[in-house]
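Reader: Got a minute to go through this one with me? I'd like to start with a side chain and then move on to the sheets.

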Amino acid sequence: VPAEVVSIEVQDYVYLGNITAGKNSETEKVKVFINNTGNVNVTVTPQLADSNEDLFENIYFARRTNVPYQKMGVWSMNISKPSNGGIEEDYFYMKLDLGGYNGELVEEIGHKSNIIFIAVEQ
């Protein structure tokens with residue numbers, strides 16, 4: 001009997017467009033692809049690699065566009081295990097909402113952050 005394996009794939013890079021304090025990112029929402037490559041049902045939760053990045057604490061996620069967005073730290077999603085081995089493909093949406101952000105933005109630099117997606121067996 002094969003061992004239980006928790007494994008996911010998430011795209012390496014997401015571009016949210018130009019950003020301005022007090023507004024959503026230029027790209028209103030971005031579709032992000034995620035795959036369950038293990039052999040169990042998983043729950044996936046994103047978190048910032050650096051918890052001190054106050055700008056990127058304003059990232060919101062939604063499983064689909066017809067459901068409310070939830071802030072990072074609250075949102076998670078379930079992905080079924082692949083049938084017949086292989087990969088279970090799925091996706092979600094994310095956006096950067098700076099409507100309430102009062103910090104300073106340096107427009108000339110590219111703002112980047114690392115997000116870790118933690119997968120655990122359901």
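Author: Sure. One definition before we start: a polar contact is a pair of N or O atoms within 3.5 Å. Also, this is a predicted model.

Reader: OK, so which backbone oxygen lies 3.1 Å from a polar atom of the asparagine 58 side chain?

Author: That's the backbone oxygen of leucine 55.

Reader: And where does asparagine 58 lie?

Author: In the loop between strand 3 (42-48) and strand 4 (59-62).

Reader: Is asparagine 58 buried or exposed?

Author: Buried. The cut-off is under 20% relative accessible area, and asparagine 58 has 12% relative accessibility, so it counts as buried.

Reader: What is asparagine 58 in contact with, leaving aside its neighbours within four places in sequence?

Author: Lys71, Lys95, Leu96, Asp97, Leu98 and Tyr101.

Reader: Switching to sheets. In what order do the strands of the open sheet come?

Author: It has 5 strands in the order 1-2-7-4-5, with antiparallel pairing. Strand 1 (8-10) and strand 5 (70-71) stand at the edges with a single partner strand each, so one side of each has no neighbour in the sheet.

Reader: How many bridges join strand 2 to strand 7?

Author: There are 7, between residues 30-36 of strand 2 and residues 88-96 of strand 7, and the two run antiparallel. As a register marker, isoleucine 34 has aspartate 90 in strand 7 as its bridge partner.

Reader: Back to strand 3 then. Is it mostly covered or uncovered?

Author: Mostly covered, with 5 of its 7 residues buried.

Reader: Which strands does strand 3 pair with?

Author: Strand 6 (residues 77-79) is one, joined to strand 3 by 3 bridges and running antiparallel to it. Strand 8 is another, also antiparallel, over 7 bridges.

Reader: Any residue pairs I can use to find those? What are the bridge partners of valine 42 and leucine 48?

Author: Valine 42 is matched with isoleucine 79 in strand 6, while leucine 48 is matched with isoleucine 115 in strand 8.

Reader: Last topic, the surface. Which residues make the nonpolar patch of about 220 Å²?

Author: Ile116, Ile118 and Val120. Isoleucine 116 is found in strand 8, which spans residues 115-121.

Reader: What's the relative accessible area of isoleucine 116?

Author: It's 38%. Buried is under 20% and exposed is over 50%, so with 38% isoleucine 116 is partly exposed.

Technical notes:
Residues numbered from 1 in each chain as written. Predicted model: local features only at pLDDT ≥ 70, side-chain atom pairs only at ≥ 80, totals over all residues. Heavy atoms only, no water. Helix = DSSP H or I, 4+ residues; strand = E, 2+ residues; numbered from the N terminus. Buried < 20%, exposed > 50% of the residue type's maximum accessible area, 1.4 Å probe, protein only. Polar contact = N/O pair within 3.5 Å; in protein donor to acceptor, adjacent residues only side chain to side chain. Contact = heavy atoms within 4.5 Å. Patch = residues over 30% accessible without salt bridge, like charges linked within 9 Å, V, L, I, M, F, W, Y side chains within 5 Å. Areas by Shrake-Rupley, 256 points an atom, 1.4 Å probe, with all protein chains shown as cover. Salt bridge = Lys/Arg side-chain N within 4 Å of Asp/Glu carboxyl O. Pairing = 2+ DSSP bridges.
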